[in-house]
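Colleague: Hi! Could you walk me through this one while I have it open on my screen?

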Amino acid sequence: MTEKSADGRVASRRNVLKITGAAAAFSLAGCQGGGASGGDTLTIGALHPLSGDAAEMGTRFQDVVGAGVQAVNEGSDLSPLAGAEGEGIQGQDGATVEVLWRDHQGDSDVARSEAESLVLDEGADILTGCYYSGSTKAVSQVAEREGVPHICGTAIGEGLTERGLDWFWQVPPHTGVKGESMFNFASDMNSEYDADLERVAIIHQDGTFGTEVANSMVGVIENSDEFEQAPETISYNASSVTSLSPQIQTIRDADADIIVHAANVRDALIMLEDMKTEEYYPEMMLTPGSAYLDPSVLEESVSEHVFSGSDFSNDMYDIHPPMGDYNSYAEENSGTPFDGSNIYAWGEFFTAIAAASRADSLDPGDLQSSLNSLSLDPYVSGLPYPVEFNDKGYNTEAFSFVVQADDGEIETVWPFDQAQDDAMTYPVPDWSER
């Protein structure tokens, strides 16, 4: 959506709000409807998969966010974490925060219905979620229609901020950024380790997430003089697939050096088990993270040595001490430590807290203005990188490093100067040598 300014320039509504500030925000609050409370409680409606294959992950989301709610409402010594400096949200006179959880079941229609209920019936001030890109799109459309901020910290589709929305903000690195990091790593492996990596196979589940990952990776490869795609992109239906052996044979015949796989938890394990059965492993298994960073996958021995783009590793606390403090607090108060999935929910929640604390009020227009002008140093949002959104609502400061699975945990291997000396295993041993 665009508007023309006094000097004739066309600007997005995000920019207009940055310029006109509180007056415009008040006007929007009055005409958009939304769920503004303006009272002493910030109500966050969190929509995530809490049942089915992703139920365990959803529970871990609830655990760490529950610890976050405690840190805000009771205060903590987790400086510089947003909202942890005193009891309640200090920028809103100590307002408390509550999180209303809803299970979208991985179904976009359910996600849309639950989002409408949260805004229209429960008066949610902010929506968060939704891990799956399809559900995220459905919820963001409700947020756009009702004029309520939707902060997404758990879905990484590159196209999510390319829809001209004014009420949607994406915190983590999207698939394009992850792809650039992944192939910069592969390039550095060629130059530093003579890895001779060139041919890349891309295989993905055919949902919104998998398709967006595949498109982003194809784009990165097409812009590279160092890598080529072989074979053509392979897709499959994640809900019905029971074997990926035929696809693995196609990849083997194409003599691929790298496999990039975008998967959910179930098909990630099918892929790895079938690769073991077929006694096949490429020079490098390199994933965009997500399912391959889930503890339920990492605890399986077949996941050993897989490389992934990530913003979390179990050894990151030496380089990012505040993240170690946050992890200790979350584990002590919820029983659940950070992992490659729930750290996104933690960052999503504290980005919402930071925006609310800096807003003139909890009215939706003020929250929108606060998000549009947000500029957070590393760790304030609970993440190791800064947060600052562009005109499309994407966090341009988000970055991704590369990790490798090792005995049920993930360790940083790239950038090389952030890795422990003995962290990386390469070349990856054959199945018979493990």
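Modeller: Happy to. Let's begin with a helix pair: the axes of helix 3 and helix 12 come within 8 Å and cross at roughly 35°. Bear in mind that this is a predicted model.

Colleague: Thanks. Is the crossing of helix 3 and helix 12 left-handed or right-handed?

Modeller: The crossing of these two helices is right-handed.

Colleague: And which residues make the contact?

Modeller: Helix 3 brings Arg60, Phe61, Val64, Val65, Ala67, Gly68, Val69 and Val72. From helix 12 come Asn342, Ala345, Trp346, Phe349, Phe350 and Ile353.

Colleague: How does the contact of helix 3 with helix 12 split by class?

Modeller: There are 11 nonpolar residues in the contact, along with two polar and one charged.

Colleague: OK, now the sheet. What order do the five strands have?

Modeller: The order is 4-3-5-6-7 in an open sheet, and the pairing is parallel. Strand 4 (96-103) and strand 7 (168-170) are at the edges with a single partner strand each, so one side of each has no neighbour in the sheet. From one strand to the next, the twist averages 25°.

Colleague: How many bridges are there between strand 3 and strand 4?

Modeller: Eight, with strand 3 covering residues 41-48 and the two strands paired in the parallel sense. To pick out one pair, Ala46 has Trp101 in strand 4 as its bridge partner.

Colleague: Where does helix 3 pack?

Modeller: Helix 3 (residues 55-74) packs on the sheet and touches strand 3 and strand 4. Its direction makes about 165° with that of strand 4. Helix 12 (residues 342-358) lies across strand 3, strand 4, strand 5 (126-129) and strand 6 (150-152), and runs at about 155° to strand 3.

Colleague: Which residues have the most contacts inside the largest nonpolar core?

Modeller: Leu42, Val97, Phe338, Phe349 and Ile353, in a core of 63 residues. Two or more residues each come from strand 3, helix 3, strand 4, helix 11 (321-334), helix 12, helix 13 (364-372) and strand 16 (401-406). Helix 12 gives the largest share of this core, with 10 residues.

Colleague: Zooming in on Val97, what is it in contact with, leaving aside neighbours within four places in sequence?

Modeller: On that basis, Val97 is in contact with Leu42, Ile44, Val69, Val72, Asn73, Ile89, Phe349 and Ile353. Apart from this core lies another one, of 56 residues, among them Tyr236, Leu272, Leu286 and Val306.

Colleague: You mentioned strand 16. Why is it described as largely enclosed by the rest of the structure?

Modeller: Because five of its six residues are buried.

Colleague: And is Asp406 in strand 16 buried, exposed or partly exposed?

Modeller: Asp406 is partly exposed, because its relative accessible area is 28%, which is in the range between the 20% and 50% cut-offs. Leaving aside neighbours within four places in sequence, Asp406 is in contact with Glu304 and Glu411. Asp406 and Leu298 are 108 residues apart in sequence, with their C-alpha atoms 8.3 Å apart in space.

Colleague: Which strands does strand 16 pair with?

Modeller: With strand 13 (residues 307-310), strand 16 pairs in the antiparallel sense over four bridges, and Ser310 has Phe401 as its bridge partner. Five bridges join strand 16 to strand 17 (residues 409-414), again antiparallel. There, Val402 has Trp414 as its bridge partner. Strand 16 and strand 17 form a hairpin with two residues between them, and Asp407 in the turn has a positive phi of about 55°.

Colleague: Switching to backbone checks: where are there cis peptide bonds?

Modeller: One joins Gly129 and Cys130, with omega about 20°. Cys130 lies in the loop between strand 5 and helix 5 (133-146). Another joins Ala230 and Pro231, with omega about 0°, and Pro231 is in the loop between strand 9 (228-229) and strand 10 (234-236).

Colleague: What about phi for Asp196 and Tyr379?

Modeller: Asp196 has a positive phi, near 60°, and is in the loop between helix 6 (175-193) and strand 8 (199-205). Tyr379 is not a glycine either, and its phi is about 80°. Tyr379 is in the loop between strand 14 (375-376) and strand 15 (387-388).

Colleague: Last one: are they buried or exposed?

Modeller: Asp196 is exposed, with a relative accessible area of 61%, whereas Tyr379 counts as buried at 16%.

Technical notes:
Residues numbered from 1 in each chain as written. Predicted model: local features only at pLDDT ≥ 70, side-chain atom pairs only at ≥ 80, totals over all residues. Heavy atoms only, no water. Pairing = 2+ DSSP bridges. Axes fitted to C-alpha atoms, helices over the stretch in contact; angles between N-to-C directions. Contact = heavy atoms within 4.5 Å. Core = buried A, V, L, I, M, F, W, Y, C linked by side-chain atoms within 4.5 Å. Buried < 20%, exposed > 50% of the residue type's maximum accessible area, 1.4 Å probe, protein only. Left-handed = near helix turned anticlockwise from the far one by under 90°. Nonpolar A, V, L, I, M, F, W, Y, C, P; charged D, E, K, R; others polar.
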